[in-house]
Amino acid sequence: MNTKKICELIKKTGADALLLLNESNMHYVCGFSPSESVVFMLKNGTAYHLVDSRYTETAEIHAKETGLKVLEINSKFADVIAVLCKENKIKKIAFENKTISLSAYCSYTQATGCEFVGIDDGLMKIRNIKTENEIQLMKKANEIAEKSFLELLNHVKAGKSEKELQAYFDYLMAKNGSDGVSFSTILLTGEHTSYPHGTPSDRVIKSGDFVLFDFGATYMGYHSDMTRTVAVGSATDEMKDTYNLVLRAQLAGISSLKSGARCADVYRSAYDVLEEKNMGKYFRHSLGHGVGLDIHEGYNASPRSTDIYETGNVTSIEPGIYIPDKFGIRIEDVCVVTENGNQNISTVSKDLLIL
């Protein structure tokens, strides 16, 4: 947590305190993700973590590192915030206007009688600049995911179904230390690989199929994200050529990624490679997205993006080609943006693997 920058954000809004209800934002401040809690930070840096009895002990353990004051509640969260406002003479509260529910907004405004001012993406911009500790946690999540993927490859063969392999993949990640999957694991074969975010089904792998794996593990709240596409049994010249085109596009995107680069330009560097073979029309999503406490957070590398990469950003780079009724290919790594380039934290080979 960067307390200084959060206090600067509160003061910039003209507020006296910041109310956090979003689970990822709270995790950033308190160090874990209870399903129900509230974080309330004053502009002087004093911060309270409101929890019910289910989370008191865990909150107190994390508070030894974060310095938050844990308050176990036995009434409504909004009523306790109202008391804190009165005690600290709070008149204006900064809040997460992009994610709060209407019900919660009404509850807190009515209980406190305070003026509420939105922070827009202010806290997300702070979160997007990862600390070295955050990067190490993401590397650990990635390490778990990669180890599990390499183990899974021993079981990928003709006759296995998408659902069967997805379930086993999720089990391997849990066995290897993941706190939970980053998102619903995508594991597709054959023509299904042309669906960028398809859902695993009972379809079985056939010799000559591509199999696409999009997966991630989590570690202490932080996510990993990776996509690999392999062939089973054999691959046609068209499959090999298309795969190598996607790989060249991905390498071009990674090569252009650095602090100060425009997200739209990084996208263009990959798209232009695909367009050399008139395949840009089969690339149907952005090139990448921020990764951290959320699997998709902050900026994204799309042709319409106005965002600019900064040192400390962590982003995916994932071009793809999806040809309906034929096959799809995506290759995805996660990179840390540095002043002069980037550090790729994904280590699994991207050469076309034929199992």
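Select helix α5, residues 102–112: α5 lies across β1, β2, β5 and β6 and runs at about 140 degrees to β6. Helices (H or I, at least four residues) and strands (E, at least two) are DSSP runs, numbered from the N terminus. Axes are lines fitted to C-alpha atoms, for helices over the stretch in contact, and angles run from 0 to 180 degrees between N-to-C directions. Contact means heavy atoms within 4.5 Å.

The model is predicted: local features need pLDDT of at least 70, side-chain atom pairs count only at pLDDT 80 or more, and totals for chains, interfaces and linings use all residues. Residues are numbered from 1 along each chain as its sequence is written, and side-chain values use heavy atoms, with hydrogens and water left out.

**The six-stranded sheet**

Next, show the strands under α5. They belong to an open sheet of six strands with mixed pairing, in the order β4-β3-β2-β1-β5-β6; two strands pair if DSSP finds at least two bridges between them. At the edges are β4 (69–72) and β6 (115–118), each of which pairs on one side only. On average, neighbouring strands of the sheet are turned by 25 degrees against each other, direction ignored.

Zoom in on β2 and β3. Their pairing is antiparallel and has five bridges. Select S37 to find V51 of β3 opposite. Then add α1, which packs on the sheet and touches β1, β2, β5 (92–95) and β6. The direction of α1 makes about 75 degrees with that of β2.

**Helix α3**

Select residues 56–66, helix α3. Which residues of α3 are buried? They are T56, A59 and A63, where buried means under 20% relative accessible area, exposed over 50%, and partly exposed in between (1.4 Å probe, protein chains only). Seen down the axis of α3, the buried residues fall within an arc of 60 degrees, so they line one face of the helix; the arc is that of the directions from the helix axis to the C-beta atoms. The cover over these buried residues includes β3 and β4. Rotate to the other side of α3 to see E57, I61, K64 and E65, which are exposed. Just after α3 comes G67, with a positive phi of about 85 degrees.

**The nonpolar cores**

Now colour the nonpolar cores. A nonpolar core is a set of buried Ala, Val, Leu, Ile, Met, Phe, Trp, Tyr and Cys residues joined through side-chain atoms within 4.5 Å. In soluble globular proteins, nonpolar side chains tend to be buried together. The largest core here has 34 residues, and those with the most contacts inside it are I6, L18, L20, Y28, V29, V39 and L123. Elements giving two or more residues to this core include α1 (3–13), β1 (17–20), α2 (23–30), α7 (132–152) and β17 (333–337). Of these, α2 gives the most, with four residues. A second, separate core has 33 residues, including M279, L287, Y299 and A301.

**Strand β8 and its partners**

Move to β8, residues 210–215. The strand is mostly covered, with six of its six residues buried. F210, L212 and D214 point one way from β8, while V211, F213 and F215 point the other way.

β7 and β8 run antiparallel and are joined by four bridges; here L187 stands opposite F213. β8 and β11 are also antiparallel, joined by six bridges, and F215 has M226 of β11 as its bridge partner.

**T185**

Select T185, in the loop between α8 (162–175) and β7 (186–189). Why does T185 count as buried? Because its relative accessibility is 1%. Among the residues that T185 touches, not counting those up to four places away in sequence, are Q166, F169, P200, D214 and F215. The side chain of T185 makes a polar contact with the side chain of D170 at 2.6 Å. A polar contact is a pair of N or O atoms within 3.5 Å; within protein, one must be able to donate a hydrogen and the other to accept it, and residues adjacent in sequence count only if both atoms are side-chain atoms. Measure C-alpha to C-alpha from T185 to F213: they are 28 residues apart in sequence and 7.6 Å apart in space.

**R228**

Finish in strand β11 (residues 226–231), at R228. R228 counts as buried because its relative accessibility is 2%. Where does the side chain of R228 reach a backbone oxygen? One such place is V348, at 2.9 Å. The backbone oxygen of E332 also lies 2.9 Å from a polar atom of the R228 side chain. Residues touched by R228, leaving out those up to four places away in sequence, include F149, V211, F213, D333 and S346.
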